[in-house]
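Subject: Structure handover

Hi,

Here is the structure you are taking over. Please open it alongside this note, then read on for what turned up.

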Amino acid sequence: MKVKDQNSNAKRTSLASCLLLLASCFLAGCNGGAFWFFGDKYVARVNDDIITEYDFKKRLEGFHTVKDIKEKMKIDIDSVDYYKILNDMIDDKLIVQEAIKIGLDKIPEFAGDYKLYSLNLSLYMLKKEEVIGKIKITDEEIKSRYITLYESVRLRHFFTKDRKKGESIIDAVKKNADFSNLVEEESEDSDEIKKKRGDVGFKRRGELPKEIADTAFAMKEGEISGLINTVHGFHIIKLEEKRAPDEKISDKERKRIERAIFNEKEIERSREYLSQLREKAKISINEDILKGIKRDEEFDGGKGIVAIVVGETIKRDEVLARLKSEPEARDGDALDRFKKSAIDSLINQRLLDMEVGRRNYEKNEDFRYSLLLAKESILNKIFKNKIIAAAIKLDDEEIRKYYDDNKGLFKEPEKVRMSTIIIKEKKDAERIVDELKKGADFDATAADISMTSVVSKGEDTGWLYADMLPPDIKEKLNEMEIGGIYGPFNFNRDFIVIKFIGREEGKLKSFESVRGGIIESLSKKKYEQLIYDYLMKLRAVSKIRINESFMKSLNARGKR
């Protein structure tokens, strides 16, 4: 087995992110409410290919999805440049036609990417049917989780590291000893908590150690617990009061809770579905071969068979590749766990691949359309990499000349230094600025007021990059003179007064430190020029016809 084959699963995963964005639009039922057209009439003809109304609609939906996938898909008609989107689609068609003309659809790289995309898309559809589509979340579940998250309890807390001491406190409580007095006199908690006689205030479930939270939220008001054992020691708690959260759940919080519950159910349903597949499948594992695999071994070319899943083999090399991608095992038990996880994952993958093969998703129109888009997208990417990017050439003289001609781009930001006083109230800040401008000593003023409640702190900032300063301070920098007093400026929730101490011009960065960035910048410019020139040549020899009537009517509808 070649090394590149060991990375096939990683590549399969990397394609999934692209897949989910595309499939979410073309398979999840995009909201087309913002559009009035839906059909196979042409919007543009590009040689022998047609861009239909349906194609254009889907590109618009995808355009908006990429811009803001989390928001409801409702396009602001006036903000969309329809002609630019259509011309981008025409350029894509021209590149795909050229890629096919020079045979890029016949190379192994295209076949591999296309096959992986098709498989991932099938897996996504299977997940929609068997996992996502079967998840239901009720209002009661959301309300219950909300209460669990935001219900709080006021506790009185006793702590000791000595079990016997804890048990003696429990006995004393049973004999009607005052729990608050016991905390104050016997607890090994902090002095601050002991002074409060163990009152730690109101706490939510997530703010307490699990053992204490589980006990506290199951108690009644006034009840005192038994001994609670945690990694820190032994605890006894008294539930003073239980407080329910606000009855109304905000929309933002509802969505957050719904997403959390959905994620949990998705994991649970995925496990359940995989268990169902495994129960029905004939699976055999060669435990001897599995046990004998070691992380530092070489691949054997696919000779060893670790498992057979409904007649399909899982090779030793596949398990070994998974092991090599994991951190090195600390001991034999950890290695065994890694191997068990690897073989389980590979078995699940085989079962899912077989299941999607039985589903015949190729008959689904949306599936076929998504594959067509994938084919064009992959060909577009390969063409740009192999034809355009490969043609970019840069020599050291060109890189050096760019550096010499654009030294202003490679200077470090200006540095500034200032003394500051950060003040709580604006009126105090304004008063202090007025005193300083009348001649009061800055350092003495800072030291004098630092003991009062009106100031948080006074300090020398040291040298700072000017572009790191808050916007309102940065805006005034050009007006600042050495020794001048400026402000007050908003600073978080406080106000800052500044004495400007000095400025230092940014130093020129060395050629070697910016060489990589220059290469990236020049390569990008050359790439953009090359792709533009190539497209202009393709357009010059191509037959392109735009349905102007459709485009004008689209703009007219948008304005209405």
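Start with strand 3, residues 152–160, in this predicted model. Strand 3 is mostly covered. Of its nine residues, eight are buried.

Strand 3 has partners in strand 4 and strand 6. Strand 4 covers residues 199–204 and runs antiparallel to strand 3. Five bridges hold that pair. Strand 6, residues 233–243, is also antiparallel to strand 3. Here the count is nine bridges.

Two residues help you find your way. Arg154 faces Phe202 in strand 4. Arg154 also stands opposite Glu241 in strand 6. Arg156 has Lys238 of strand 6 as its bridge partner.

Now the whole sheet. It is open and has four strands, in the order 4-3-6-5, with antiparallel pairing. Strand 4 and strand 5 (228–230) are the edges. Each has a single partner strand, so one side of each lacks a neighbour in the sheet. From one strand to the next, the twist averages 45°.

A helix packs on this sheet: helix 8, residues 179–186. Helix 8 touches strand 3 and strand 6. Its direction makes about 45° with that of strand 3.

Next, the chain as a whole. The protein chain has 560 residues, and 38% of them are buried. It contains 21 helices and 15 strands. The exposed surface comes to about 33,700 Å². Carbon and sulfur atoms supply 49% of that surface.

How do the contacts spread along the sequence? Take contacts in the protein chain between residues at least 6 apart in sequence: 73% of these join residues at least 24 apart.

Last, the empty space inside. How many cavities of 30 Å³ or more does the structure hold? There is one. The largest cavity contains about 40 Å³ of space. Which residues line the largest cavity? On one stretch of numbering they are Glu412, Pro413 and Lys415. The others in the lining are Glu504, Glu505, Gly506 and Lys507.

If you want a route through the model, begin at Arg154, with Phe202 opposite in strand 4 and Glu241 opposite in strand 6. Then go to helix 8, which packs on the sheet. Finish at the largest cavity, with Glu412 and Lys507 among its lining residues.

Best wishes

How values were computed:
Residues are numbered from 1 along each chain as its sequence is written. This is a predicted model: local features need pLDDT of at least 70, side-chain atom pairs count only at pLDDT 80 or more; totals for chains, interfaces and linings use all residues. Side-chain values use heavy atoms; hydrogens and water are left out. Buried means under 20% relative accessible area, exposed over 50%, partly exposed in between (1.4 Å probe, protein chains only). Helices (H or I, at least four residues) and strands (E, at least two) are DSSP runs, numbered from the N terminus. Two strands pair if DSSP finds at least two bridges between them. Axes are lines fitted to C-alpha atoms, for helices over the stretch in contact, and angles run from 0 to 180 degrees between N-to-C directions. Contact means heavy atoms within 4.5 Å. Accessible areas come from the Shrake-Rupley method with a 1.4 Å probe; for residues, only the protein chains shown count as cover. On a 1 Å grid over the protein atoms alone, a cavity is a set of points where a 1.4 Å probe fits but cannot get out, and a pocket is an open set with protein on both sides within 12 Å along at least five of seven lines; lining residues have an atom within 4 Å of a point. Grid points are joined across faces, edges and corners, and a volume is the space filled by probe spheres set on the points.
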